[in-house]
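User: I'd like to learn how to read the features of a protein model step by step. Could you walk me through one?

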Amino acid sequence: MPAALRIDVVSIFPDYLSPLDLSLIGKARQDGLLDVHVHDLRDFTHDRHRTVDDTPYGGGAGMVMKPQPWAEALEHVAAQADPPTTKRPRLVVPGPGGAPFTQALARELAAEPWLAFACGRYEGIDERVYEFAREDLGVDVSVVSLGDYVLNGGEVAVLAIVEAVARLVPGVIGNAESLVEESHEDGLLEYPIYTKPREWRGRSVPEVLLSGNHAAIAQWRHEQRLARTAARRPDLLHPSSVGQDVDVATAVSGDLPELLTVLHAAGRGPTLESLRAELDTGTTWLARRGGRLLGAVRVEADGETLHVTAPALVPDLAGDELARHLLDVAAQSAVSGIRQLVLDDPRPTDARTRTYRRAGYRPTSGYWVKRLSRYE
Ligand code: JD8
């Protein structure tokens, strides 16, 4: 059995984390899939009042959490490495100013062997604690936010993050099948679901779902996901970082001369003839802004595998967000029956490596492979 994912949580309200004793997480702990430890920050104070907060330097409302109790608590957690090694947990600190917590980050954290969570309260934690953790303890620190609203502390966020991460740990969710086409797993919202009775208060179940025609059901469900996502979360179809003004469409022969230029600028060497031939055997997605071609990705199905080319971007484009967006479009184009996406880029830049990882790809025997969760 794989080693349990170790999770340490530090809070001044340890009972707030007691929901982690319940339900699937509770069972996963009993089954040894998760090894969860909750620590009371006040156990790392030494004064009669077990003080963890004080007034803010520079004035202002509220109180700030003192650095010393946090340093001792994090040192205690880091010392739990079994056997004692230089291994360190990845530290996650919820905060309203943190990077958005996403399913992609949940996948990333679920691949870690050891996570630690610091639950802040009051106005937050003295900034030097983050520096101490990174520089003195050598811990990777991620400040993440659950969403654009204000909570009173980090505990609720930790409960949500631990649940989102733990359910991705193999074996925690009984049938991985249910992880299938969940919202946010592949960038689309889920399709409508129905159960008995067939007729209910004058409302019936869509006929296609009663047809037994699995291809038609899969197509209907995919269309429902696209329609819901376009209606409720257009930002998922047009990630904001790429900008609403980027249009993605499939390439036609008229696009090929411009595509050839972009591919050559990206160090690729196809010919116009080869590109024309490829139009018949696969789909090339082009991203344009104001008509200008900014990037492209090509997909070609081969049985249960969708071969994905490394996104090619115009050299003057800052950042790699568009590459991430094109990879999401490629993943969304995977019709049912595709089990994995395989991308061939043996020597990616560090930025591109991060993009592949964030898009759910993992280096596998010289290729980058993304298993579609419905087949994990
Ligand atoms: C950690 C202290 C309260 C926040 C003064 C209210 C996350 N999405 C989110 N919203 N709020 C939090 C969050 C709030 C926290 C702490 C996370 C620690 N507070 C503070 C600043 C304003 N009070 C969060 N994740």
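Here is a tour from the overall picture down to single residues.

User: Before we begin, what kind of model is this?

Analyst: It is a predicted model, so please read everything below as a description of a prediction.

User: How many helices and strands are there in the chain?

Analyst: The chain has 11 helices and 17 strands. Its C-alpha atoms fill a box of roughly 80 × 60 × 45 Å along the principal axes. Of the 376 residues, 44% are buried. The exposed surface comes to about 19900 Å², with carbon and sulfur atoms supplying 52% of it. Among contacts with a separation of 6 or more, 69% join residues 24 or more positions apart.

User: Which residues touch the most other members of the largest nonpolar core?

Analyst: That core has 38 residues, and L259, V308, L341, L343 and Y361 touch the most other members. Elements giving two or more residues to this core include α8 (256-265), β12 (292-302) and β15 (340-343). The largest share, 7 residues, comes from α10. Apart from this core lies another, of 30 residues, with V9, L34, V144 and A166 among them.

User: Y361 caught my eye. What is Y361 in contact with, leaving aside its neighbours within four places in sequence?

Analyst: The partners of Y361 are V308, L327, L341, L343, Y356, W368, V369 and K370. Two of these names return when we look at rings: Y356, Y361 and W368 are linked into a cluster by ring pairs.

User: How should I read an aromatic pair?

Analyst: The general idea is that a pair of aromatic rings is described by the distance of the centres and the angle of the planes. In this structure the count comes to 3 aromatic pairs. One to try is F13 with Y16: the ring centres are 6.5 Å apart and the planes meet at 45°. Planes under 30 degrees apart would be stacked and over 60 edge-to-face, so this angle falls in the tilted class. F13 is partly exposed at 38% relative accessible area, and Y16 is partly exposed as well, at 36%.

User: Now the strands. What should I keep in mind there?

Analyst: In a regular strand the side chains alternate between the two faces of the sheet. For pairing, take strand β5 (residues 90-100). It pairs with β6 (residues 114-118) in the parallel sense over 3 bridges, and R90 has L115 as its bridge partner in β6. β5 also pairs in the parallel sense with β7 (residues 141-145), over 6 bridges. There, A99 is bridged to V144, and V144 is one of the residues in the 30-residue core.

User: Is helix α3 mostly covered or mostly open?

Analyst: Helix α3 (residues 103-110) is mostly covered, with 7 of its 8 residues buried. Those buried residues are Q103, A104, L105, A106, R107, L109 and A110.

User: Which backbone atoms lie by the polar side-chain atoms of T229?

Analyst: T229 is found in helix α6 (residues 214-232). A polar atom of its side chain lies 2.9 Å from the backbone nitrogen of L189, and a side-chain polar atom of T229 also lies 2.6 Å from the backbone oxygen of R225. T229 has a relative accessible area of 0%, so this residue counts as buried.

User: What about unusual backbone geometry?

Analyst: As a baseline, most residues other than glycine have a negative phi, and most peptide bonds are trans. Here are three places to check against that baseline:

- The peptide bond from K196 to P197 is cis, with omega near 5°. P197 sits in the loop between α5 (155-166) and β8 (199-200).
- Y122 has a positive phi, near 55°. Its place is the loop between β6 and α4 (128-136), and Y122 is partly exposed at 33%.
- S365 has a positive phi too, near 40°. It lies in the loop between β16 (362-364) and β17 (367-371), and its 69% relative accessibility makes S365 exposed.

User: Finally, how far apart in space are G291 and D82?

Analyst: C-alpha to C-alpha, G291 and D82 are 57 Å apart, with their positions 209 residues apart in sequence numbering. G291 lies in the loop between β11 and β12 and is partly exposed, at 49% relative accessible area.

Definitions and conventions
Residues are numbered from 1 along each chain as its sequence is written. This is a predicted model: local features need pLDDT of at least 70, side-chain atom pairs count only at pLDDT 80 or more; totals for chains, interfaces and linings use all residues. Side-chain values use heavy atoms; hydrogens and water are left out. Rings of Phe, Tyr and Trp (its six-membered ring) pair if their centres lie within 6.5 Å; planes under 30 degrees apart count as stacked, over 60 as edge-to-face and the rest as tilted. Buried means under 20% relative accessible area, exposed over 50%, partly exposed in between (1.4 Å probe, protein chains only). Two strands pair if DSSP finds at least two bridges between them. Helices (H or I, at least four residues) and strands (E, at least two) are DSSP runs, numbered from the N terminus. A polar contact is a pair of N or O atoms within 3.5 Å; within protein, one must be able to donate a hydrogen and the other to accept it, and residues adjacent in sequence count only if both atoms are side-chain atoms. Contact means heavy atoms within 4.5 Å. Accessible areas come from the Shrake-Rupley method with a 1.4 Å probe; for residues, only the protein chains shown count as cover. A nonpolar core is a set of buried Ala, Val, Leu, Ile, Met, Phe, Trp, Tyr and Cys residues joined through side-chain atoms within 4.5 Å.
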